[in-house]
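Please open the model in your viewer and keep the sequence panel beside it, since each stop on this tour begins with a selection. The stops move from a single residue to its surroundings, and then on to other parts of the chain.

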Amino acid sequence: MKNVLRFGLGSAILAGSTFLAMPQTAEGFSTLGPGENLNLGQRDFRHFNEFTGAANNNTVIHPNWPQYTGADLAMWKAGAEWGSRIHGDGSGDSSQGFVGSGEADFSFFWEGAANGIGGTNDNIISSISGSAGGVLAYAETPINNGWRIRFYRTAWSWQDGPGTVSSGIDIQGVAAHEIGHALGLGHSGVGGSTMFASISGTGQGNRSIQNDDIAGVQFIYGARSANMPSITSITGSMVPGGTITITGTGFSTSTNRIWLQNDLVDGGNNGGAHVTIPDIASTGGGTSISMTLPASGWEGGALHVKRTTGNGGELLSESHPFDGDGGGAGGGNDTINFTVSDTTPNTGQTITFSADNCPPLQTYTCVWANSDNSPFFATFNGTVGSGTTDSLGNMNFNRTVPNAGAGRTFYMEVQVLGEDSNTVQVSVN
Ligand SMILES: [Zn+2]
């Protein structure tokens, strides 16, 4: 099944205040099919970022949405708007009061960057060249075992915001609509709803889901359970081996699971799997968790707590910002030792990327993982360099930091066959 979102030329749909006065009825939404929903194994979503120019030029990192900018950030916020509770303090989108309006037993898990479009079940948002009449984007379903979303990248003047979008088409608004299909929603007959079948104007109004959309997600997943754990803050040392304290409500007494983003960037299903830290106890009547972060193999962005007693979607907390740095050596899936000759280089400086303990005589790919997918090293698909490892399992290559890298922070890693390296943060002066 393919659900398309069209640009409603001249139809004035969503425009003006007329629709705000219309009754928002629960009858407006439709669902893709009975029993179509995403279980706890399908909460991940990622973005393969090939947007350029105005579609990917926001470089401002917002503390409520750490480590992501550009089109990635627009996608993340679009998914988080459907979440069970507000994300962090809800801020970061000046066009709506807060982000996180679904109030259902459902929250997405943002897994960050992908380096390919993936299959139709890999839960990756990506873009495609060409056009299809007035179609802006489409979602491929059915949804039980995953989905895929494609934007017509070259057919429209996409804008990544993050503030008011006054021209072109708003990525975040369109993403919110397509992600609604990923959740199992069909189109709504209620004007002003995010799930209405067409937009006019920039589509920015679609960022904020409306009563009919909320009724739809609650119909599929159930209204938010009082048992759902909630995170109010995360403090402590957010580095490998550091100790953090998660404060909130509704945690299990023991055997909570902490979900972190993994550090694997791929275009397949593996990159969507979260890092699970199992068997974590709470104190204070389920209001506080103290835990040690693993030595490696994870990244910052968002964190969830999954309690161990309950049913389905009520087990998993809402997403909460987690500005951690998961670099480090050894353990996890970081079997390759990766170094960068200068992690705080100047523009115009040549830096060397090196790794050892790689599988010998195999193709390596050096990618930026996580963070800012701006036009760095003049590529947009996440690849900084590639080649073949030598007979001893080593690799290295040089790149000159372009002027476009000024002031930006990147997280780099190397991938060889099914293995990947530790993550290295590079902050350009
Ligand atoms: Zn649609």
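Begin by selecting Ile 231, which in this predicted model lies in strand E10, residues 230-236. With a relative accessible area of 5%, Ile 231 falls under the 20% limit and is therefore buried. To see what surrounds Ile 231, leave aside the neighbours within four places in sequence and display its remaining contacts, which are Ile 246, Thr 247, Gly 248, Leu 303, His 304, Val 305, Ser 317, Glu 318 and His 320. Of these, Glu 318 is worth a distance label, as its C-alpha atom is separated from that of Ile 231 by 7.3 Å although the two residues are 87 residues apart along the chain.

Now zoom out to the whole chain. The protein has 429 residues, and buried residues make up 56% of them, while its secondary structure comes to three helices and 24 strands. The pairing of residues from remote parts of the sequence can also be put as a figure for the protein: among contacts with a separation of 6 or more, 72% are between residues 24 or more positions apart.

Next, select the zinc ion. Which atoms coordinate the zinc ion? The donors are the NE2 atoms of His 177, His 181 and His 187, at 2.0 to 2.1 Å, and along the chain they follow the spacing H-x3-H-x5-H. Within this set, His 177 belongs to helix H2, residues 171-183, whereas His 187, 10 residues apart from it, sits in the loop between H2 and strand E9 (198-199). Is His 177 buried or exposed? At 0% relative accessibility, His 177 counts as buried, whereas His 187, at 25%, counts as partly exposed.

From H2, move to helix H3, residues 211-221, where eight of the 11 residues are buried, so that the helix is largely enclosed by the rest of the structure. Select Asp 212, Asp 213, Ile 214, Ala 215, Gly 216, Val 217, Ile 220 and Tyr 221 to show these buried residues, and colour H2 as well, because the buried residues of H3 pack against H2, with heavy atoms within 4.5 Å. Just after H3 comes Gly 222, whose phi is positive, at about 90 degrees.

The next stop is empty space. A search of the whole structure finds two cavities of 30 Å³ or more, and the largest has a volume of about 80 Å³. To find the largest cavity, select Gly 79, Ala 80, Gly 83, Phe 108 and Ser 319, which lie nearest its centre among the 13 residues of its lining. Helix H1 (70-81) and strand E3 (109-113) are the elements that give two or more residues to this lining, and H1 gives the most, with three residues. By character, the lining of the largest cavity divides into six nonpolar, five polar and two charged residues.

Turn then to Phe 51, in the loop between strand E2 (44-47) and H1. Phe 51 counts as buried, at 1% relative accessibility, and its C-alpha atom is separated by 9.4 Å from that of Gln 159, a residue 108 residues apart from it along the chain.

The following stops concern the backbone. Most residues other than glycine have a negative phi, and most peptide bonds are trans. Select Gly 161 and Pro 162, which are joined by a cis peptide bond with omega of about 10 degrees; Pro 162 is placed in the loop between strand E7 (158-159) and strand E8 (169-170). Asp 279, in strand E13 (residues 275-280), is not a glycine and yet has a positive phi of about 55 degrees, and at 57% relative accessibility it counts as exposed. Leu 361, also not a glycine, has a positive phi of about 55 degrees and lies in the loop between strand E18 (350-356) and strand E19 (363-371), where it is exposed, with a relative accessible area of 58%.

Finish with the cysteines Cys 358 and Cys 366. Cys 358 is buried, with a relative accessible area of 6%, and Cys 366 likewise counts as buried, at 0%. How many disulfides does the structure hold? The number of disulfides in the structure is zero.

Note on methods: Residues numbered from 1 in each chain as written. Predicted model: local features only at pLDDT ≥ 70, side-chain atom pairs only at ≥ 80, totals over all residues. Heavy atoms only, no water. 1 Å grid on protein atoms, 1.4 Å probe; cavity = no way out; pocket = protein on both sides within 12 Å on 5 of 7 lines; lining within 4 Å. Points joined across faces, edges and corners; volume = space filled by probe spheres on them. Helix = DSSP H or I, 4+ residues; strand = E, 2+ residues; numbered from the N terminus. Nonpolar A, V, L, I, M, F, W, Y, C, P; charged D, E, K, R; others polar. Buried < 20%, exposed > 50% of the residue type's maximum accessible area, 1.4 Å probe, protein only. Donors = N, O, S within 2.8 Å, 3.2 Å for Na, K, Ca; no water. Disulfide = S-S within 2.5 Å.
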